[in-house]
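Biologist: I have a model open in my viewer and I'd like to learn how to read it. Could you walk me through it?

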Amino acid sequence: MFADFLQFLISGITVGAIYGLVGLGFSVIYNASNVINFAQGEFVMIGGMASVSFLSMGIPMPLAIVLAVVVTTFVGFALEIFAIEPARHNSVVSLIIITIGASIFLRGLAQIIWDRNYHNLPAFSGDDPIKLWGAALQPQSLWVMGGAGIIVLLLWLFFNHSILGKAILATSFNPLAAELVGIDTRRILQISFALSAALGAIAGILVAPIALTYTNVGVMLGLKGFCAAIVGGLGNPMGAIAGGLAVGIAEAFTAGYISSAYKDAVAFVIIILVLLFLPSGLFGRKEIDKV
Amino acid sequence: MMPLLKPRTGGLLSLMVILVVLPLFFRNAYHYDVAIQSGLNAIVCVGLNLLIGYTGQISLGHAGFFALGAYASAVLTDRYEFAAVGAMIIGAVAVGCLSYLIARPILKLKGHYLAMATLGLGIIISIILNQEEELTGGPDGMPVSSFSFFGWDISGNLTWYGIVALVLLFTVWLALNLVDSPVGRALRAVHGSELAASTMGVDTQRYKVLIFVFSAVLASIAGSIFAHYSGFVSPAEGEFFRSIEFVTMVVLGGMASIFGAVVGAAILTILPQLLASFHDYEMMVHGAVLMGVMIFMRRGLVPTLVHFIRGLRK
Amino acid sequence: MNLLRIEQLGKSFGGVTAVEDLSFAIGPGTVYSIIGPNGAGKTTLFNLISGLFAPTTGSIHLDEEDISGLPPHKLAARGLSRSFQNLQIFFNMTALENVMVGHHLHSDTRFFPSLFALPAIGRADKRSAEFAAEMMDYVGLGNYIHTDSDAMPYGALKRLEIARALASRPRLLLLDEPAAGLNPSETNTIADLIQHIAQDNITVLLVEHDMHVVWDVSDHILVLDHGRRLAAGTAEEIRSNDAVVEAYLGRRAKDR
């Protein structure tokens with residue numbers, strides 16, 4: 001009994017940490033620009049696929065991973081410059097459509113560059129599970145949890161103790177005022193897209209050994225990451241992690257105790273409930289229309 | 001003061017002529033098939049454009065309503081031996097009720113939140129269709145019996161083409177009427193400024209719900225017709241990507257343009273067929289079209305063209 | 001009898017008080033102006049009266065009926081309409097259509113008859129169009145009737161908002177800085193228009209920074225400062241009120 005419970009909890013936390021990282025990516029971009037980037041999931045996919053492909057070229061694993069993150073970062077950068085920048089002043093609906101277009105475009109491109117098959121990235125430190133009160137803990141799960149924890153810490157340091165991080169925060173609070181004190185807000189947008197792409201790539205690489213990677217892997221991961229961001233309150237980075245864990249754990253317990261068939265529906269049921277009853281999420285700030 | 005023949009009436013007549021003349025150019029069953037698919041997509045898009053283009057509310061879940069209509073027809077005629085018309089009506093009413101129930105709370109949301117909620121709804125519908133195997137046949141889909149209407153089994157390409165063309169014309173006529181009426185103005189007012197609209201006495205929430213339900217019912221009816229026409233339904237009809245396809249058609253053809261929705265649906269149904277040998281590039285093209293239109297031709301094909309022609313006349 | 005009566009009205013946003021303990025009453029057919037420095041709470045007061053915000057404390061009465069917290073569309077049905085300081089034009093429509101939306105409550109808005117274009121809908125809509133055109137003439141926009149609203153100059157859009165509000169046949173019309181951003185001759189036209197509207201027995205509640213307009217048209221003036229009532233009375237009384245001159249007019253006079 002307890003072993004089952006623990007097992008579900010472990011897998012919930014593992015996958016929840018991934019959702020949280022993806023959600024973090026949404027939050028970073030949303031904060032800097034009020035744009036919801038529906039192509040966030042594609043960053044996850046590119047991260048995973050690129051590392052598999054670098055690895056197959058004979059590049060050693062650590063270097064392959066770094067290269068994959070760099071490639072994805074460039075994609076994020078390019079996305080901002082070519083698709084978001086020219087449409088900065090479009091309506092919300094039109095920006096949503098643009099990022100959806102970007103997401104489909106990137107997926108299509110990935111299918112041409114790579115293929116439609118499933119790929120396996122070897123686990124970072126073997127596949128021998130660690131026994132824990134009857135439950136099995138994959139070493140890769142530790143990598144995911146640890147990785148997520150370190151990234152959260154780094155981001156916190158970045159936003160609170162670096163000039164650039166503070167500039168991003170300032171831009172999110174008041175773009176005009178930020179501009180007036182000399183912050184190049186266009187640059188900030190590009191940087192936040194690049195940062196967010198790097199976050200997505202890291203999530204994709206961490207999860208690839210557990211969940212396999214393929215060109216459509218980003219669709220569900222991206223949407224669930226978005227769920228995480230909304231559950232935690234859009235624009236609140238720590239909220240995104242908490243939201244991710246909540247969604248991941250709920251999903252794992254549903255799969256374990258109720259029905260594995262409806263596992264994927266859990267996130268969306270949660271999201272609809274949250275939107276209806278707690279529109280600003282668990283930790284979000286309320287928005288007031290200005291007249 | 002109003003001219004006798006409004007430009008809209010002219011448009012409707014042109015569409016009618018095109019739909020009548022078109023079969024003369026069809027050489028084989030495949031041509032009919034593409035035309036019929038275009039027509040069905042167009043019916044969904046006309047409704048969706050009332051919601052997105054005119055009222056300014058996004059939906060990323062309309063394929064869900066299309067699939068519900070299709071499955072209502074499939075399941076009720078196949079498993080419970082309902083008459084096809086009855087199944088279609090029950091499907092439409094059920095989708096109407098469902099969309100009404102969820103529209104009331106969902107449409108209070110704005111922008112990203114509305115997008116996410118409709119998207120979630122569509123995905124939940126598609127997961128249910130995949131999982132309830134006993135009822136829906138699961139991921140493999142299920143066959144659908146032919147459409148019989150008072151003992152007349154509808155079959156043959158030309159007949160199906162005629163039916164879809166008629167339904168499309170009727171839908172376009174309804175949509176044009178609506179847009180030209182005080183109701184249509186209220187919808188556009190919600191898009192223009194929700195604040196001002198409500199101050200002028202428009203119950204904005206009511207109108208948003210109304211048009212959401214109407215567009216969902218249209219999608220459901222198109223789904224029912226599709227099910228009987230193709231003789232087979234699968235959960236792929238309700239997938240997220242299908243919802244995005246519908247939105248792309250609306251955006252490409254032109255927001256707030258009824259004929260734009262028809263043109264967009266036709267182009268994006270035909271284009272992949274022409275690009276069949278480049279099948280691998282289909283997704284890329286789709287994505288590029290979405291981004292390109294939104295960035296460089298924000299109003300979409302038909303309104304941009306109309307604007308251009310008016311400019312020439314002056 | 002009072003058309004509008006405000007009773008100890010208060011509104012705060014997360015601890016910041018925008019309007020506090022405010023009471024006043026407006027008789028029918030008058031022009032009542034609210035003045036005060038920026039941030040005095042004028043626009044918040046307008047948003048409270050027109051139903052965009054719900055009051056934190058106190059109440060608002062129209063014809064001695066409590067209307068506090070009613071949504072804007074219900075207030076419109078009771079004869080209250082307004083214009084906006086920063087334009088809220090339906091830029092996706094022509095000028096005439098904008099005004100026709102103002103006529104919404106008096107139009108035939110049944111869904112199914114509209115869907116099937118029943119003749120009754122067309123006839124009613126033609127009357128709406130005629131009435132809307134009349135309203136555009138009334139505010140002096142007769143030659144803009146078929147213009148797309150996004151092609152109109154700023155001054156005309158300000159009057160379009162007034163025409164749209166008038167098309168709802170209000171008894172109480174709230175005008176939020178109708179002269180802001182206008183040149184002197186346009187400003188005079190607006191002042192004349194406000195007086196016309198009042199003569200046609202529509203009560204006007206006015207927020208305006210241009211003091212010439214305020215002195216010209218107001219029957220009563222309420223001076224707000226920090227969300228509270230500083231003074232109230234006729235134009236003469238306000239002009240000779242020391243507290244007002246010091247807190248508001250004096251400061252402005254010094255700036256010039």
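Modeller: Let's go through confidence, helices, sheets and chain contacts in turn.

Biologist: What does chain A average in pLDDT?

Modeller: Start with trust, since this is a predicted model. Chain A averages a pLDDT of 86, and 96% of the residues score at least 70. The weak spot is residues 287-291 of chain A, where the pLDDT is below 50. That stretch still has five contacts in the model beyond near neighbours in sequence. Where pLDDT is low, though, the predicted coordinates should not be read in detail.

Biologist: Next, helices. At what angle do α1(A) and α5(A) pack?

Modeller: For a helix pair, look at the angle, the spacing and the handedness. Helix α1 (residues 2-33) and helix α5 (residues 139-161) of chain A pack at about 40°, with their axes 9 Å apart. Since angles from 35 to 65 degrees count as neither roughly parallel nor roughly perpendicular, that makes α1(A) oblique to α5(A). The crossing of α1(A) past α5(A) is left-handed.

Biologist: Which residues of α1(A) meet α5(A)?

Modeller: Among them are Ile10(A), Ile13(A), Ala17(A) and Leu21(A) on the α1(A) side. Their counterparts in α5(A) include Val144(A), Met145(A) and Ala148(A).

Biologist: Over to chain C. How many residues of its helix α1 are buried?

Modeller: Eight of the eight residues in α1(C), which spans 42-49, are buried. Lys42(C) and Asn47(C) are among them, along with Leu45(C) and Phe46(C). Just after α1(C), Gly51(C) takes a positive phi of about 85°.

Biologist: Which strands does α1(C) lie across?

Modeller: α1(C) lies across β3 (31-35), β6, β7, β8 and β9 (220-225) of chain C, and runs at about 150° to β7(C).

Biologist: In what order do the strands of that open sheet come?

Modeller: Read a sheet from one edge to the other. Here six strands of chain C go β6-β7-β8-β3-β9-β10, with mixed pairing. β6 (80-82) and β10 (228-233) each have a single partner strand, so one side of each is left without a neighbour in the sheet. From one strand to the next, the twist averages 20°. Inside the sheet, β7 (residues 172-176) and β8 (residues 203-207) of chain C run parallel and are joined by five bridges. Leu174(C) is the residue opposite Leu205(C) there.

Biologist: And which way do β1(C) and β4(C) run, parallel or antiparallel?

Modeller: Antiparallel: five bridges join β1 (residues 4-13) to β4 (residues 57-62) of chain C. Arg5(C) has His61(C) as its bridge partner in β4(C). β4(C) also pairs antiparallel with β5 (residues 65-66) of chain C, through two bridges. On that side, His61(C) stands opposite Asp66(C). The hairpin of β4(C) and β5(C) has two residues between the strands, and Asp63(C) takes a positive phi near 55° in it.

Biologist: Last topic, the chain contacts. How many residues do chains A and B put into theirs?

Modeller: Count each side, then ask which elements supply it. Chain A gives 35 residues and chain B gives 32. On the chain A side, α4 (92-113), α9 (217-231) and α11 (263-277) each give two or more residues. α4(A) gives the most, with 16 residues.

Biologist: How many come from chain B and chain C where those two touch?

Modeller: That contact takes 24 residues from chain B and 33 from chain C. On the chain B side, α7 (157-179), α8 (182-192) and α9 (194-199) each supply at least two residues. The largest share, eight residues, comes from α8(B).

Technical notes
Residues are numbered from 1 along each chain as its sequence is written. Chains are lettered from A and ligands numbered from 1 in the order in which they are written. This is a predicted model: local features need pLDDT of at least 70, side-chain atom pairs count only at pLDDT 80 or more; totals for chains, interfaces and linings use all residues. pLDDT is the predictor's confidence in each residue, from 0 to 100. Two residues are in contact if their C-beta atoms, placed from the backbone, lie within 7 Å. A residue is buried if 20 or more other C-beta atoms lie within 10 Å of its own, exposed if 12 or fewer, and partly exposed in between; C-beta atoms are placed from the backbone. Helices (H or I, at least four residues) and strands (E, at least two) are DSSP runs, numbered from the N terminus. Two strands pair if DSSP finds at least two bridges between them. Axes are lines fitted to C-alpha atoms, for helices over the stretch in contact, and angles run from 0 to 180 degrees between N-to-C directions. Angles under 35 degrees count as roughly parallel, over 145 as roughly antiparallel, 65 to 115 as roughly perpendicular and the rest as oblique. A crossing is left-handed if the near helix is turned anticlockwise from the far one by less than a right angle, and right-handed if clockwise.
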